[in-house]
Each structure stands twice: as C-alpha cells, then as structure tokens.
Amino acid sequence: MFRLNLRLNLGSLVPPAPADPAEPNWPPYGPLINARLATIEVIRINGGDSPTPALAKAIETFARHIPGKVEQVEGERAQVDADANGRVTRTQVNAIIARRRHRRACDVAILLTPGLSDTPNSYCADIPDGGHAIVINPVPGPVPRPGRRLARRALDEIAGWSFMLCVRYPTRRRMLLAHELLHALKVPHRRERSATGHHCTRPDCILYPGVDWRSALAGLFNLGPPLDLCRACREEIASARAAAGGVYFEPNDAYDPMVHLDGMVRLNPHSALERIYRGQARAERNDRAGAIADFTDALRLGPGAHTAKCRFNRAGLHAQDRRWAEAIADYEAALAADPAHRRALENVTWILRECPDEAFRDAAKAQELGVRAERLAGQQPPALR
Ligand SMILES: [Zn+2]
Ligand SMILES: [Zn+2]
C-alpha cells in the first residue's frame with residue numbers, strides 16, 4: 001500500500017511534457033467506458049505470442065477502467081505468408097481483423113504478430129464496423145524524434161538504455177499491451193493534455209508516448225515504470241462516466257461511429273480537419289447534403305491547406321446530383337489550388353466532353369484539359385497511374 005501511494009504521488013511531481021496544439025479534442029469512448037461487457041478476442045498470427053503473464057496483466061489493467069465485465073476469448077489462429085524475416089504486412093493484418101468473431105462496439109481484438117514489415121510500431125485502430133483492433137509489433141522500429149538539442153538527446157538515450165536494463169522483458173510487453181489497449185478508451189480527451197499521436201503528456205501515465213528523461217525521473221520516484229493511467233486520465237474517465245448517468249452500454253446496443261465524429265466536430269469547432277473526416281464518412285453513407293455542408297465549413301475554417309481536397313470532394317457530390325455548374329466550378333477551384341490534381345482534371349474533362357446536359361459541354365476546353373491530363377499522367381511513375 002505504501003508503495004502504491006508512492007506510485008500515485010511522487011511520479012506526478014515530474015512536470016508534464018508540452019502539449020501538442022495540433023492534437024484534436026476527442027470524446028472518451030462511451031461503449032467501453034460504460035460497457036456492461038467487453039470481450040477481448042486474442043488472435044495469434046503465425047504463432048505470435050506474448051510472455052505470460054504480460055497479456056493477462058495488461059487485460060487486468062484495462063478491466064479496472066471498465067465498469068462491467070471483461071472477458072478474454074481465444075480467436076482463431078491465423079497463418080499467412082511472411083517475408084524472409086518472418087514479418088507480415090498491415091494489409092495481411094487488416095484481412096484478419098475483418099474476420100474476427102467479436103465485432104461489437106464494446107469489443108476489442110488483440111492481434112499478436114511475429115513482427116510488421118511496413119509499420120514501425122504497435123497500434124490501436126478504430127474499426128468502422130465496430131470496436132477496436134490492437135496490433136502488436138514485438139520488434140518496433142526506432143521512433144524518430146527530430147529537432148531535439150544534443151544534450152536532451154543524450155539524456156533521453158541514457159533514459160532509454162536504463163529502461164531496457166532495469167525493466168524486464170515481460171513487464172515491457174505488459175506495458176506495450178496495456179498502452180495499446182488503453183488507447184481504445186480515447187483519453188486524454190483534451191488537447192491541453194495531449195502529446196503527439198494522442199498520448200498523455202503526464203510521464204507517470206501508461207499512455208505517455210515513450211521513454212525520455214521525464215519518464216525516467218517519474219519511474220525513479222515511483223520505483224518502477226507506469227503500469228496504468230495517470231490520475232488525470234482516470235478523472236477524465238470518471239467524468240465521462242458520470243455524464244452517462246449510470247447507463248451501461250449493453251453488448252448488443254447499436255453504436256453509430258458517426259457519434260464519435262459528431263463529438264469531434266462539436267469539441268473542435270474551429271478546426272477544418274474533423275469536418276473533412278465527417279464529410280468523408282457522410283459521403284460514404286450517401287448523406288450528400290451533410291457532406292457538402294462539412295466540406296463547405298472546412299473551406300471556411302481552414303482555407304489553404306485543404307482547399308484542393310475539399311473542392312474536389314464537393315465537386316464529386318455536386319456531380320452525383322447533376323449540379324453541373326457547381327461541380328465544374330469546384331473542380332476548377334481544386335485545380336487552381338493544385339494544378340497537378342489528376343483526378344480533378346480527368347473528372348472535369350469528362351463533364352466538359354460528355355455531360356448529359358449539353359449546355360455544359362465545351363469541346364475546345366475539354367480538348368485542352370485532356371491534353372493536360374495526359375501530360376500529367378506521363379509525368380507520373382507507372383505505379384501511380
Ligand atoms: Zn500510443
Ligand atoms: Zn494520463
């Protein structure tokens with residue numbers, strides 16, 4: 001108990017890392033934070049494993065933050081072709097994720113891989129059809145940290161080596177598993193507390209992004225590395241749960257992933273990016289009016305960087321509803337922002353050449369743009385055509 005108190009108090013004295021102002025706010029993930037039952041399906045790819053009891057302990061940590069029951073089930077073992085080093089690709093992993101048995105919003109799949117050849121680290125992915133997938137890469141690549149001063153880099157290097165020397169392998173795997181699992185809860189939810197990649201700025205938190213002088217100092221004070229969420233993250237979960245008013249999320253409750261995107265737009269009223277994400281999701285669901293409203297808002301909120309993308313997307317939606325004048329204007333604006341936008345060029349050429357409404361055809365202009373499109377295609381390597 002004494003040690004537990006030390007863990008809770010002293011590590012939190014280390015100052016947090018600076019927050020990343022580019023991080024969005026996002027809502028904590030209701031289906032898990034209020035889950036009556038969360039099922040964790042463990043899928044082993046090519047015999048991918050985890051040292052015992054790392055997995056059990058990580059799931060135990062996760063279960064502490066779920067009000068209902070957490071059940072672990074063995075998924076079907078998967079066997080795929082690996083490269084010469086025994087590693088698999090993200091595309092292969094995605095195909096296995098699609099076959100998982102437990103796919104409700106409150107369920108999580110853990111995929112234990114022998115290694116990933118095209119992804120440097122482990123990750124937690126939101127699955128559009130429900131829930132989350134945690135993909136574990138036991139041979140992570142180096143994390144580039146550009147722009148740090150030499151002295152800071154040396155200090156972090158020492159911290160990294162002491163971490164490897166002082167923390168046993170099963171504990172490191174337990175930390176990795178718990179880190180990815182707890183990402184699914186979507187804390188921290190405020191950008192003032194978020195480091196890059198939606199991590200926690202508190203070095204005494206399992207969601208701290210890596211090992212550096214801050215985490216080493218917090219580890220020293222706490223007599224060990226963080227194995228759970230920091231107090232601030234736990235408080236965020238408690239208030240999200242209080243806001244739900246004690247209502248559980250039942251395993252078969254319908255959950256619309258749009259709820260999360262709506263929440264992101266609501267929590268980031270001045271940001272264009274969340275509107276673009278929601279616009280794309282709305283477009284996929286054929287909610288064209290909603291998507292057009294999102295892309296229009298995004299253009300207003302973030303002119304410049306997103307212009308070509310928003311105009312191109314909006315043009316396609318106008319074209320689907322045969323608003324040819326609006327579609328042509330948007331394609332032209334996309335091309336003005338990005339003259340090398342080949343698909344915008346091809347689509348507007350098609351309208352000018354073949355538009356069902358003859359009033360919008362313009363053979364001369366179509367000819368001119370068609371030549372431009374061909375020239376552009378010729379400049380690009382064959383793989384991109
Ligand atoms: Zn992470
Ligand atoms: Zn935290």
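**Helix packing, cores and loops in a predicted model**

Helix 3 and helix 6 cross in a right-handed way. Their axes come within 8 Å, at an angle of roughly 35°. Keep in mind that this is a predicted model. The domain assignment splits the chain into domain 1 (2–235) and domain 2 (270–384), and 39 Å separate the two centres, taken over C-alpha atoms.

**The helix 3 / helix 6 contact**
- Helix 3 brings Ala 54, Leu 55, Lys 57, Ala 58, Thr 61 and Phe 62 to the contact.
- On the other side, helix 6 supplies Pro 170, Arg 173, Arg 174, Leu 177, Ala 178, Leu 181 and Leu 182.

**Nonpolar cores**
- The largest nonpolar core has 52 residues, and the members touching the most others are Ile 110, Leu 111, Leu 181 and Leu 182.
- Elements giving two or more residues to this core include strand 1 (37–44), helix 3 (54–63), strand 3 (108–112) and helix 6 (169–183).
- Helix 6 is the top contributor here, with 6 residues.
- Leaving aside neighbours within four places in sequence, Leu 111 is in contact with Ile 43, Ile 45, Val 93, Ile 96, Ile 97, Ala 133, Ile 134, Val 135 and Ile 136.
- There's also a second, separate core of 14 residues, with Ile 328, Leu 335, Leu 345 and Leu 369 among them.

**Helix 10 and what follows**
- Helix 10 (residues 273–284) has 12 residues and should span 16 Å at 1.5 Å a residue; its end C-alpha atoms sit 17 Å apart, so the two agree.
- Its buried residues are a mixed bag: Glu 274, Arg 275, Ile 276, Arg 278, Gly 279, Arg 282 and Ala 283.
- Helix 9 (258–267), helix 11 (288–301) and helix 12 (307–320) are included in what covers these buried residues.
- After helix 10 comes Asn 286, with a positive phi near 65°, in the loop that leads to helix 11.
- Asn 286 counts as exposed because it has 10 C-beta neighbours inside 10 Å.

**Other backbone details worth a look**
- Leu 223 isn't a glycine, yet its phi is positive, near 60°; look for it in the loop between helix 7 (213–221) and helix 8.
- With 11 C-beta neighbours inside 10 Å, Leu 223 is therefore classed as exposed.
- The Thr 52 to Pro 53 peptide bond is cis, with omega near -5°, and Pro 53 lies in the loop between strand 1 and helix 3.
- Val 187 to Pro 188 is likewise a cis peptide bond, with omega near -10°; Pro 188 is in the loop between helix 6 and strand 6 (194–195).

Methods: Residues are numbered from 1 along each chain as its sequence is written. Chains are lettered from A and ligands numbered from 1 in the order in which they are written. This is a predicted model: local features need pLDDT of at least 70, side-chain atom pairs count only at pLDDT 80 or more; totals for chains, interfaces and linings use all residues. Helices (H or I, at least four residues) and strands (E, at least two) are DSSP runs, numbered from the N terminus. The expected span of a helix is 1.5 Å times one less than its number of residues. A residue is buried if 20 or more other C-beta atoms lie within 10 Å of its own, exposed if 12 or fewer, and partly exposed in between; C-beta atoms are placed from the backbone. Two residues are in contact if their C-beta atoms, placed from the backbone, lie within 7 Å. Domain bounds come from an automatic or database domain assignment. A nonpolar core is a set of buried Ala, Val, Leu, Ile, Met, Phe, Trp, Tyr and Cys residues joined through C-beta atoms within 7 Å. Axes are lines fitted to C-alpha atoms, for helices over the stretch in contact, and angles run from 0 to 180 degrees between N-to-C directions. A crossing is left-handed if the near helix is turned anticlockwise from the far one by less than a right angle, and right-handed if clockwise.
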